[in-house]
Amino acid sequence: MYFDNAATTVHKPEVVAKAVYEALISGQMGNPSRGAHGYALRAYRTVLQAKESIKELFHAGDAYEVAFTYNSTVALNEVLKGLLSARDHVISTTWEHNAVLRPLYQLEDDGLSVDFVHSDAETGILHYDEFEALLRPETKAVVCNHASNLTGNILDLNHIKAFCREHGLMLIVDVSQTAGAYPVDLSDNVITAACFTGHKSLYGPGGTGGAVVRTDVQVKPLITGGDGVHTFDRVFPHAVPGVFEAGTANIAGIAGLGAGVQYLLNRGAEDVAQVQKRLSALFVDGLKQIDNLHVYGDFSGPRVNVFALNIGEAESALVSELLWEDFGIATRAGFHCAPLMHKELRTEARGAVRFSFSLFTTEAEIKAALAALRDIAAR
């Protein structure tokens, strides 16, 4: 039984595998934007269709373009290092994954200033009042995780949008945990860039992802090389989306990602939300019945189906090992690349066991996981 979907979903819709297979086996896919013949044009149309599907899922209008990278980590590096400079100040949060933190720390070494909004030690809820307190004249952007990959808490993005709109700040959002699992709405054009990964709740292959970026921003390219068009220009083009897309695209992966996104669009947001809500209620209600178990996070409002817990004083690695060895249940133990969140929750010594669901998680699997946790907690 697989409960590590926050890391990557292993159960994909059949249409995803079919799209990847056909892209590889058809003998019809060339290199997009690297020719005017049919092979190149078919590949270009595949990429374009995937981009249009992502814009539809994120409610992104004409102000945005989609740039494909190989995951959200690459997208975040390209966006952060392309939009920020040494003289800037950034406000971020203690929810962040290392995919945000480490690029910010690199930029900090070059002169960028960064402050972090803290979280409640019990629920992980952000202290939203700190945003105003941290504001400086040189503040350039807010960089934040839409949902914590440790607690499953969802950011009050409307609050952050209002703050950024009032103060004229860029807003860069890591939607790795929400894309496909919870609505991401760019229709008001406030978000500067939403960075996503394909291999989680978009049900695409590994090595796919990207960013939905406003076309009016000035970006310094992180990676330069061929773009297939401006051959004689000494400087790599700075326009979105091409500034993020040097070199040859992962056509088969993008074909699979596009199929995964279309699968979600066909199912509809309401169906996805109902499945998530049903699975969450079943798991949370069961956890409440288990003695000697502590689950972290806020359960009073919207969330993604990511749950961090510990049993007694046991090391998270031991609990996760018992779940796998004794019950065949795959979970993630440790620190989940979220060091600041663990410090806030005071779990930096032993980490936490993380369960995470997908649309293919069954109620029977959840009941089996609850039975296993009851067994371990009683030992």
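Where is the place of T9? T9 lies in the segment before α1 (14-25). The model on screen is a predicted one, and this residue is the starting point of the tour.

**Stop 1: T9**

Select T9 and display its side chain. The residue is buried, since its relative accessible area is 2%, and the threshold for that class is under 20%. Leaving out residues up to four places away in sequence, T9 touches H199, K200, S201, Y203 and S358. One of these partners deserves a closer view: the T9 side chain reaches the backbone oxygen of K200 at 2.7 Å. For a distance across the model, add K277; its C-alpha atom is separated from that of T9 by 18 Å, with the two positions 268 residues apart along the chain.

**Stop 2: helix α2**

Next, select residues 38-57, which form helix α2. How far apart are the end C-alpha atoms of α2? They are 29 Å apart, in agreement with the 28 Å that 20 residues should span at 1.5 Å a residue. Colour the buried residues of this helix: A40, A43, T46, V47, A50, K51, S53, I54, K55 and L57. To see what they pack against, show β1 (64-69), β6 (193-197), β7 (209-214) and α7 (251-267). After α2 comes H59, which has a positive phi, near 55°.

**Stop 3: H89**

Move to strand β2 (residues 89-93), where H89 is found. Is H89 buried or exposed? H89 counts as buried because its relative accessibility is 0%. Its side chain makes a polar contact of 2.7 Å with the side chain of T139. With neighbours within four places in sequence set aside, the residues in contact with H89 are L112, S113, V114, D115, L134, R136, E138, T139, K140 and A141.

**Stop 4: T151**

Select T151, in the loop between β4 (139-145) and α6 (157-167). Although it belongs to a loop, T151 counts as buried, at 0% relative accessibility. A polar atom of its side chain lies 3.1 Å from the backbone nitrogen of N153. Apart from residues up to four places away in sequence, T151 touches Y296, G297, R303, V306, M341 and L345.

**Stop 5: helix α11**

Now select residues 363-377, helix α11. Its end C-alpha atoms are 21 Å apart, which agrees with the 21 Å expected for 15 residues at 1.5 Å a residue. Highlight its buried residues, E365, I366, A369, L370, A372, L373, I376 and A377. Why do they fall on the same side of α11? They cover an arc of only 160° around the axis, and this puts them on the same side. In general, an α-helix has 3.6 residues a turn, so residues three or four places apart point the same way. The buried residues of α11 pack against α8 (269-287), β8 (293-296), β9 (306-311), α9 (316-327) and β10 (353-356).

Keep α9 in view alongside α11. The two axes come within 11 Å and cross at roughly 120°, and the crossing is right-handed. V319, L322, L323 and F327 of α9 make the contact with A372, L373, D375 and I376 of α11.

**Stop 6: D291**

Finally, select D291 in the loop between α8 and β8. D291 counts as exposed, at 64% relative accessibility. Add A377, one of the buried residues of α11: D291 and A377 are 86 residues apart in sequence and 6.9 Å apart in space, C-alpha to C-alpha.

Technical notes:
Residues are numbered from 1 along each chain as its sequence is written. This is a predicted model: local features need pLDDT of at least 70, side-chain atom pairs count only at pLDDT 80 or more; totals for chains, interfaces and linings use all residues. Side-chain values use heavy atoms; hydrogens and water are left out. Helices (H or I, at least four residues) and strands (E, at least two) are DSSP runs, numbered from the N terminus. The expected span of a helix is 1.5 Å times one less than its number of residues. Buried means under 20% relative accessible area, exposed over 50%, partly exposed in between (1.4 Å probe, protein chains only). The arc is that of the directions from the helix axis to the C-beta atoms. Contact means heavy atoms within 4.5 Å. A polar contact is a pair of N or O atoms within 3.5 Å; within protein, one must be able to donate a hydrogen and the other to accept it, and residues adjacent in sequence count only if both atoms are side-chain atoms. Axes are lines fitted to C-alpha atoms, for helices over the stretch in contact, and angles run from 0 to 180 degrees between N-to-C directions. A crossing is left-handed if the near helix is turned anticlockwise from the far one by less than a right angle, and right-handed if clockwise.
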